[in-house]
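The exercises below ask you to read a sheet and its surroundings from atomic coordinates, and each is followed by a solution in steps. Please work with the sequence and the model open beside the text.

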Amino acid sequence: MIRAPLSGLLAALMLAAPVAQAGPVTVLTAQGEATVPATPAKIAVFDIAAIDTLAALGVTPDGTPDKLYLDYLSRVPLSPMGTLFGKTEQAAELLARYDGALGAARTAVAGKGTALIVQTNGPKVSAYGKGSRFGWPHTALDLPEAYANLNPDTHGDAVSFELIAKANPDWLIVVDRAAAIGETASAQETLNNPQVAGTTAGKKGQILYLSSGPVYIAGGGYTSITTTLAELTAAFSK
């Protein structure tokens, strides 16, 4: 099963030692293996996706960015962290729940048609295909792309409403950047036009506005991805 990109955190947890250790441990990072002290006394974390997953593991960093944007991280005075902190059992439980959520979402989207994933930023719209920042549902869930010629660049492709109409997705999945960073949400206003309304997604009421904060701010974190999977499952199961 292809997993959504949990920033490599939980997958790396399962490759490391099964119990907490007193000495150094070797963990897998984006740049290869690294040997670090086990259960460090203090840790600072600057990646919000990592903070998201650490919170799910019950680990509280000593230093984090001033603003985390997400209400569910408000209690955090707050990457392969499970082994580092002796949390491998908890990590295994989280991974099992995650696999269950992923399987449920795959089942829900199967045979339900094509999708186009877009981000609105005020009046601007970008689309995301396979290999891009928000395009993981196409790969992890086998969700067919409505428009297969998008650049896999992580930042997505700027698109027009005419292109959305041409793609004619059965489902339009939306990330609202303004809502994610605490500004006035504008995605529904931006997409309220004849071109979008004329698509199959528009006609059938199959436009899904994701909880944008978790997706945009903590993409790759455990709670972020499981939240998105739950929303996809609920929408596609109706």
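**Exercise 1.** Identify the turn that joins strand 3 and strand 4, and state which residue in the turn has a positive phi.

*Solution.* Strand 3 and strand 4 form a hairpin in which two residues lie between the strands, and glycine 122 in that turn has a positive phi of about 65°. The model is a predicted one, and this value, like the others here, is computed from its atoms. The two strands of the hairpin pair in the antiparallel sense over five bridges, and one point of register is glutamine 119, whose bridge partner in strand 4 is serine 126.

**Exercise 2.** Extend the pairing outwards from the hairpin, derive the strand order of the sheet, and explain why strand 5 and strand 7 each have one side without a neighbour in the sheet.

*Solution.* Step one follows strand 4 (residues 124-128), which pairs with strand 5 in the antiparallel sense over two bridges; here serine 126 has alanine 158 of strand 5 as its bridge partner. Step two turns to the pairing of strand 3 with strand 6, which is parallel and runs over six bridges, with alanine 115 matched to tryptophan 171 in strand 6. Step three assembles the whole: the sheet is open, has five strands in the order 5-4-3-6-7, and shows mixed pairing. Strand 5 (157-158) and strand 7 (207-209) stand at the edges with a single partner strand each, so one side of each is left without a neighbour in the sheet. Helix 12 (residues 222-237) packs on the sheet, where this helix touches strand 6 (171-176) and strand 7, and its direction makes about 150° with that of strand 6.

**Exercise 3.** Decide how many residues of strand 3 are buried, then determine which element gives the largest share of the largest nonpolar core.

*Solution.* Taking buried to mean under 20% relative accessible area, six of the seven residues of strand 3 (residues 115-121) are buried, and the strand is thus described as mostly covered. The largest nonpolar core has 42 residues, and Phe134, Leu141, Ile173, Tyr216, Leu229 and Phe236 are those with the most contacts inside it. Among the elements that give two or more residues to this core are strand 3, strand 6, helix 4 (88-109), helix 11 (212-217) and helix 12, while the largest share, eight residues, comes from helix 4.

**Exercise 4.** List the residues that tyrosine 216 touches, leaving out those up to four places away in sequence.

*Solution.* With that exclusion, tyrosine 216 touches Gln119, Arg133, Phe134, Val175, Arg177, Ala180 and Ile181. A second core, separate from the largest one, has 16 residues, including Val159, Leu163, Ile164 and Leu191.

Note on methods: Residues are numbered from 1 along each chain as its sequence is written. This is a predicted model: local features need pLDDT of at least 70, side-chain atom pairs count only at pLDDT 80 or more; totals for chains, interfaces and linings use all residues. Side-chain values use heavy atoms; hydrogens and water are left out. Two strands pair if DSSP finds at least two bridges between them. Helices (H or I, at least four residues) and strands (E, at least two) are DSSP runs, numbered from the N terminus. Contact means heavy atoms within 4.5 Å. Axes are lines fitted to C-alpha atoms, for helices over the stretch in contact, and angles run from 0 to 180 degrees between N-to-C directions. Buried means under 20% relative accessible area, exposed over 50%, partly exposed in between (1.4 Å probe, protein chains only). A nonpolar core is a set of buried Ala, Val, Leu, Ile, Met, Phe, Trp, Tyr and Cys residues joined through side-chain atoms within 4.5 Å.
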